[in-house]
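I am opening a notebook page on this structure and will write down what I looked up, in the order in which I looked.

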Amino acid sequence: QVQLVESGGGSVQAGGSLRLSCAGSERSFSTYTMGWFRQAPGKEREFVAAVSWSGATTSYADSVKGRFTISRGYAKNMMYLQMNRLKPEDTAIYYCAADSSARMATRDIWYDYWGQGTQVTISS
């Protein structure tokens, strides 16, 4: 089955760090744009960050700029989100996504493949 597999979620105190990982199940993911979205309780799913197939181009939501870093691994079907100086408002379910058309899109409707979601909880 074509899928994205996520890991690294958990619960930490404000000011702490987490690193999320996402692995595409097929080699074709190495040519796709990959990104992260999140959905907090009672809110719509929102864009967090995206990275091009080569890792050379990145994009971030204003709310996470300077705190989060998105990257591709040496194997380009791997993607990471380093989250530093976490805040309670970062609490959400985080979703890994991929766009087979290789756009640097910030809307979820443009992404073809999705992970199952992983819970990130930040306590104050």
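**Entry 1: the disulfide**

I began with the sulfur atoms and found that Cys22 and Cys96 form a disulfide, with the two sulfurs 1.8 Å apart. I keep in mind that this is a predicted model, and that the distance is judged against a cut-off of 2.5 Å for a pair of cysteine sulfur atoms. The structure holds one disulfide.

I then turned to the torsion about the S-S bond of Cys22 and Cys96, which comes to about -70°, so I noted the disulfide as left-handed. Which strands do Cys22 and Cys96 lie in? I placed Cys22 in strand 3, residues 18-24, and Cys96 in strand 9, residues 92-99, so the pair ties together parts that are 74 residues apart in sequence.

Are the two cysteines buried or exposed? Cys22 has a relative accessible area of 0% and is buried, and Cys96, at 0% relative accessibility, counts as buried too.

**Entry 2: the sheet around strand 3**

Staying with Cys22, I looked up its partner across the strands and found that it stands opposite Met79 in strand 8. Strand 3 and strand 8, the latter covering residues 78-83, pair in the antiparallel sense over six bridges. I followed the pairing outwards and obtained an open sheet of four strands in the order 1-3-8-7, with antiparallel pairing. Strand 1 (4-7) and strand 7 (68-72) stand at the edges with a single partner strand each, so one side of each is left without a neighbour in the sheet. I also noted that neighbouring strands of this sheet are turned by 15° against each other on average, with direction ignored.

**Entry 3: strand 5 and its two hairpins**

How many of the six residues of strand 5 are buried? I counted five for this strand, residues 46-51, so strand 5 is largely enclosed by the rest of the structure.

I took the pairing with strand 4 (residues 33-39) next, and it runs in the antiparallel sense over five bridges. Within it, Met34 has Val51 of strand 5 as its bridge partner. The hairpin of strand 4 and strand 5 has six residues between the strands, and there I found Gly42 with a positive phi near 75°.

Turning to strand 6 (residues 58-60), I found that it pairs with strand 5 in the antiparallel sense over three bridges, and that Ala50 stands opposite Ser59 in strand 6. In the hairpin of strand 5 and strand 6, which has six residues between the strands, Gly55 takes a positive phi near 85°.

**Entry 4: the chain as a whole**

I closed with the totals, and the secondary structure of the chain comes to zero helices and 11 strands. The radius of gyration is 13 Å, close to the 14 Å that the globule rule gives for 124 residues, so I recorded the chain as being as compact as a globular protein of that length. Its C-alpha trace spans about 40 × 30 × 25 Å along the principal axes.

For burial, I noted that buried residues make up 42% of the 124 residues in the chain. The accessible surface comes to about 6400 Å², and 47% of this belongs to carbon and sulfur atoms. Where contacts join residues at least 6 apart in sequence, 58% of them join residues at least 24 apart.

Definitions and conventions: Residues are numbered from 1 along each chain as its sequence is written. This is a predicted model: local features need pLDDT of at least 70, side-chain atom pairs count only at pLDDT 80 or more; totals for chains, interfaces and linings use all residues. Side-chain values use heavy atoms; hydrogens and water are left out. Buried means under 20% relative accessible area, exposed over 50%, partly exposed in between (1.4 Å probe, protein chains only). Two strands pair if DSSP finds at least two bridges between them. The radius of gyration is taken over C-alpha atoms; the globule rule is 2.2 Å times the number of residues to the power 0.38. Contact means heavy atoms within 4.5 Å. Accessible areas come from the Shrake-Rupley method with a 1.4 Å probe; for residues, only the protein chains shown count as cover. Axes are lines fitted to C-alpha atoms, for helices over the stretch in contact, and angles run from 0 to 180 degrees between N-to-C directions.
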